[in-house]
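Here is a colleague's note to be read beside the model, set out as numbered points. It takes up the sheets, the helices packed against them and the pockets in turn.

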Amino acid sequence: MNMTVKPLEGIVVAELGTTVAGPFACRVLCELGARVVKFESSRGGDPVRSWPPPHLGGTPAPFQALNRGKESVQVDLRNDEDRGKVVRFITEQADVVVQNMRPGALDKLGLGATALCKAAPRLVYCNISAFGNKGPLKDLAGYDPLMQAFSGIISVTGEADRPPSRVGVSIVDIGTSAWAVVGIQAALMRRNLTGKGGVVDASLFETSLNMMILPVVQYEAGGDVPERTGLRGPLVAPNGGFETADGLLVVSVATNDQFVKFCDVMELSSLPDDPKFATVSTRMANEAALTEILTVAFKTRRRQEWADALNTAGVPNAPVQDLAEVMAHPQTIASGMMQSSPTADFRLPGLPFSLDGIRPAFNAIAPKLGADTQFAFDFDAS
């Protein structure tokens, strides 16, 4: 990627978003070259600004991670003058609006998609909501763990003999942000062809249901309601976590060729000749017996010894690492995912892709509340 010309150079984004999903989508657009103006409440701004320590770059660490590189404009949308300035900025300067306020809140203020797209037909307006714009729950608010619960993600997460568990990261929020960005970029490409913008709708529930695609299609094909299986995965065996002499290792053996190599490493070379374990289907049918054999074998060596031997043999595996191990791992360091702030002594994860071998840069930290209010509303200078 030619870093002097970013993909979204010249695109102006108005963010009417708080917490995670809307702001993270706008951070992605920002790092692809868009100018992102974050409109924040006059009553303290984005609530994430008030989250507890630790802090990075003078703000709570989550706010820094979600809002780096943006401009901040502080407004009171209930005030006619402030609201009029926001409408003028959007209709005269913005290409994109991203909002994840409670459903209907912005419509009442004349800042919804219908009003703004009528005033500015080239505008791409993205709604991020809990349940989408249809159905009996469309007017409800919602958060990541609630959607994990509602969509079934929690029902399939955890050990079978223990209570279910939520996924330990904001997987639904971040996933919804990604789909919102896909929709926005598709709408911008269409605008290049037609001259008209449009409305993009993304929701936490729809993202969650999409993440359940494999359990859903198995159920639709006549399968049972899926159950929790912990580290044990579906479809092939062995496919799960095993205790070694000093920690957990996950292996996933998908083919017969891999199984032969796996058994050689495990010093169980006779297993592929056993009819009970000779094919993917028979291994699944006799998974309990196979697991019993492997459980004993894995405890004879340390986790890294097994990982090194399996990697050499070309057998997919991974240690179950804590975050400290992940951050110190040579692969993390080599990836360049952790980017240093240009103005402060801290790092943040970058976007998980590169263009022509170059990852979008960390150009600016998150803005101070209201730092760009006067500049953004200086219409004569814009």
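1. Which residue in strand 2 does Val12 stand opposite? In this predicted model, the residue of strand 2 that stands opposite Val12 is Arg35. The two strands concerned, strand 1 (residues 12-16) and strand 2 (residues 35-41), run parallel and are joined by four bridges.

2. Strands 1 and 2 belong to an open sheet of six strands, whose order is 5-2-1-6-7-8 and whose pairing is parallel. At its edges lie strand 5 (71-75) and strand 8 (198-203), each of which pairs on one side only. From one strand to the next, the twist of this sheet averages 20 degrees.

3. Two helices that pack on the six-stranded sheet deserve a separate look. Helix 1 (residues 21-31) touches strand 1, strand 2, strand 6 (96-99) and strand 7, and its direction makes about 165 degrees with that of strand 1. Helix 6 also packs on the sheet, where it touches strand 6, strand 7 and strand 8, and the direction of helix 6 makes about 165 degrees with that of strand 8.

4. How do helix 6 and helix 7 lie relative to each other, parallel or perpendicular? The axes of helix 6 (residues 171-194) and helix 7 (residues 204-211) come within 9 Å and cross at roughly 100 degrees, which means that helix 6 is roughly perpendicular to helix 7. On the side of helix 6, the residues in contact are Ile171, Val172, Asp173, Gly175, Thr176 and Trp179, and they meet Leu204, Thr207, Ser208, Asn210 and Met211 of helix 7. By class, the residues of this contact comprise five nonpolar, five polar and one charged.

5. The model also contains an open sheet of three strands, in the order 9-10-11, with antiparallel pairing. Strand 9 (239-243) and strand 11 (317-319) are the edge strands, each pairing on one side only, and neighbouring strands of this sheet are turned against each other by 20 degrees on average, with direction ignored. Strand 9 and strand 10 (residues 248-252), which run antiparallel, are joined by five bridges, and within this pair Glu243 has Leu248 of strand 10 as its bridge partner. Across strand 10 and strand 11 lies helix 12 (residues 303-313), which runs at about 20 degrees to strand 10.

6. Turning to the pockets, the largest one holds about 880 Å³ of space. Its lining is made up of 25 residues, and those that lie nearest the centre of the pocket are Val156, Pro215, Glu227, Thr229 and Pro234. Helix 8 (residues 213-220) gives the largest share of this lining, namely four residues. By class, the lining of the largest pocket consists of 15 nonpolar, seven polar and three charged residues.

7. For the second largest pocket, the space comes to about 570 Å³. This pocket is lined by 29 residues, with Thr18, Thr19, Asn100, Gly142 and Tyr143 lying nearest its centre. Strand 7 (124-129) and helix 5 (144-151) each supply at least two residues of that lining, so a reader following the parallel sheet will meet strand 7 again here. The lining of the second largest pocket divides into 16 nonpolar, eight polar and five charged residues.

Note on methods
Residues numbered from 1 in each chain as written. Predicted model: local features only at pLDDT ≥ 70, side-chain atom pairs only at ≥ 80, totals over all residues. Heavy atoms only, no water. 1 Å grid on protein atoms, 1.4 Å probe; cavity = no way out; pocket = protein on both sides within 12 Å on 5 of 7 lines; lining within 4 Å. Points joined across faces, edges and corners; volume = space filled by probe spheres on them. Nonpolar A, V, L, I, M, F, W, Y, C, P; charged D, E, K, R; others polar. Axes fitted to C-alpha atoms, helices over the stretch in contact; angles between N-to-C directions. Parallel < 35°, antiparallel > 145°, perpendicular 65-115°, else oblique. Contact = heavy atoms within 4.5 Å. Pairing = 2+ DSSP bridges.
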